[in-house]
Amino acid sequence: MLIDLRSDTVTRPTLEMRRAMAEAEVGDDVYGDDPTVNRLQELAAEKVGKEAALFLPSGTMGNQVAVMTHARRGEEVILEAEAHIFYYEVGGLAVLAGVQTRPLPGERGVITPAQVRGAVRGDDIHLPRTGLVCLENTHNRAGGAVWPLELFREVCGTAHEAGVPVHLDGARVFNAAIYYDLPVTEITRHVDSVMFCLSKGLCAPVGSILAGDADFIARARKNRKLLGGGMRQAGVLAAAGIVALEKMVDRLVEDHENARRLAAGLAEMRKVRLDPDAVQTNIVYFDVEGDARRIVEELRGRGVLMNALDPARIRVVTHHDVSRGDIERALEIMKEVLD
Ligand code: TLP
């Protein structure tokens, strides 16, 4: 059996999800007639403390719909330079939302109130209007890093003082909440909209949620349709999402423990550079001596999958489908190659 540490997106639906999917009551969701989608959206909105929520096929679509709904074409969007929305969404901000980006250099995914204050545009005739600030928590390219919560609140406050809304790419926001050991609403109450994924650590096969106030979600629903994301009997997918939200959040703590175990084991290997204290949630980044892509290929041949992010850097992600036993076995195999 392969041990797949490429991403938490590789998780497969649980048996309970598959049963719920088979039995889901469905209808045409473009007409608003799918009772299971409606139930998921109500549950999701309640979980993150927002008025309304929308079920979308992917996190990428959720983020892009959020930007399109908050900002007009030609407006400027402030974000951190390694943000998924900017780095990994195929240029969607330019192609779909038609916005101009203002990437700011961050520290482990975090930008400061002073940076945001300095980047918000004034009303000079030459300048674009600042339409949105996007934040990411946990931060993917910063290795699953969480924001210091007080700083997160301050940055949101700074944007709001300037009259600019805040969207949170919370693909893994429940991992952040588990890290803080606080209800997720302690994060989401500071933002105008949040996207989170059901299909990563929460194990649903497909789908993400965008949540915000009722008017925002009504407009987002139209933009989802524009992008071709109006699904029909999507209740078969939403049924798994309901199980994801009800049953799969609390166990994320196990993924964090496994990530810490992986990091501790890796840090002892001769050809690895890694600071175990930097590992906060379920993502571990490490630098290797030698060609990361070749090392990843070699490990694939031995049954352990991971991603090389650049010539010297590898990412591993823990999730429901790798047990503590798998982690120990992966470490033994990695030792053969990296020690
Ligand atoms: N992340 C994926 C890849 O796209 C890199 C991964 O394997 O980590 N926001 C964040 C912070 C994400 O990490 C991801 C996916 C998304 C948005 C997009 O979600 P999907 O894959 O559902 O479009």
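1. Two residues are said to be in contact when heavy atoms of theirs lie within 4.5 Å. Leaving aside neighbours within four places in sequence, Ile 327 is in contact with Leu 5, Asn 258, Arg 261, Leu 262, Thr 318 and Val 322. The model in which these contacts are found is a predicted one, and the points below should be read with that in mind.

2. Ile 327 has its place in helix α14, which covers residues 324–338. Is this residue buried or exposed? Its relative accessibility is 0%, and because buried means under 20% relative accessible area, Ile 327 counts as buried. One of its partners, Asn 258, is 69 residues away in sequence, yet the C-alpha atoms of Ile 327 and Asn 258 are 6.9 Å apart in space.

3. Helix α14 also packs against helix α13 (residues 292–301), at an angle of about 135° and with the two axes 10 Å apart. The two helices are therefore oblique to each other, since an angle over 145 degrees would be needed to count as roughly antiparallel and 65 to 115 degrees to count as roughly perpendicular. The crossing in which α13 passes α14 is right-handed. On the side of α13 the contact is made by Ile 295, Glu 298 and Leu 299, and on the side of α14 by Ile 333, Met 334, Val 337 and Leu 338. Sorted by class, this contact of α13 with α14 has six nonpolar residues, no polar ones and one charged residue.

4. A second helix pair to look at is α3 (residues 59–70) with α10 (residues 214–226), whose axes come within 9 Å and cross at roughly 120°. These helices, too, are therefore oblique to each other, and the crossing of α3 and α10 is right-handed. From α3 the contact draws on Met 61, Val 65, Ala 66, Met 68, Thr 69 and His 70, while α10 brings Phe 216, Arg 219, Ala 220, Asn 223, Arg 224 and Leu 226. By class, the contact of α3 with α10 has seven nonpolar, three polar and two charged residues.

5. Thr 188 belongs to helix α9, which spans residues 185–188. With a relative accessible area of 0%, Thr 188 is buried. What lies 2.8 Å from a polar atom of its side chain? It is the backbone oxygen of Val 48. Apart from neighbours within four places in sequence, Thr 188 is in contact with Val 48, Lys 50 and Val 194.

6. Two residues deserve a check of their backbone angles. Val 90 has a phi near 60°, a positive value in a residue other than glycine, and its place is in the loop between α4 (84–87) and α5 (92–97). Cys 203 likewise has a positive phi, of about 75°, although it is not a glycine, and this cysteine is found in the loop between β7 (193–197) and β8 (208–212). As for their surroundings, Val 90 counts as exposed at 78% relative accessibility, whereas Cys 203 counts as buried at 0%.

7. A last point concerns a peptide bond. Which form does the bond from Asn 137 to Thr 138 take? The bond is cis, with omega near 5°, and Thr 138 lies in the loop between β5 (130–136) and α7 (149–161).

Conventions:
Residues are numbered from 1 along each chain as its sequence is written. This is a predicted model: local features need pLDDT of at least 70, side-chain atom pairs count only at pLDDT 80 or more; totals for chains, interfaces and linings use all residues. Side-chain values use heavy atoms; hydrogens and water are left out. Axes are lines fitted to C-alpha atoms, for helices over the stretch in contact, and angles run from 0 to 180 degrees between N-to-C directions. Helices (H or I, at least four residues) and strands (E, at least two) are DSSP runs, numbered from the N terminus. Angles under 35 degrees count as roughly parallel, over 145 as roughly antiparallel, 65 to 115 as roughly perpendicular and the rest as oblique. A crossing is left-handed if the near helix is turned anticlockwise from the far one by less than a right angle, and right-handed if clockwise. Ala, Val, Leu, Ile, Met, Phe, Trp, Tyr, Cys and Pro count as nonpolar, Asp, Glu, Lys and Arg as charged, and the others, Gly among them, as polar. Buried means under 20% relative accessible area, exposed over 50%, partly exposed in between (1.4 Å probe, protein chains only). A polar contact is a pair of N or O atoms within 3.5 Å; within protein, one must be able to donate a hydrogen and the other to accept it, and residues adjacent in sequence count only if both atoms are side-chain atoms.
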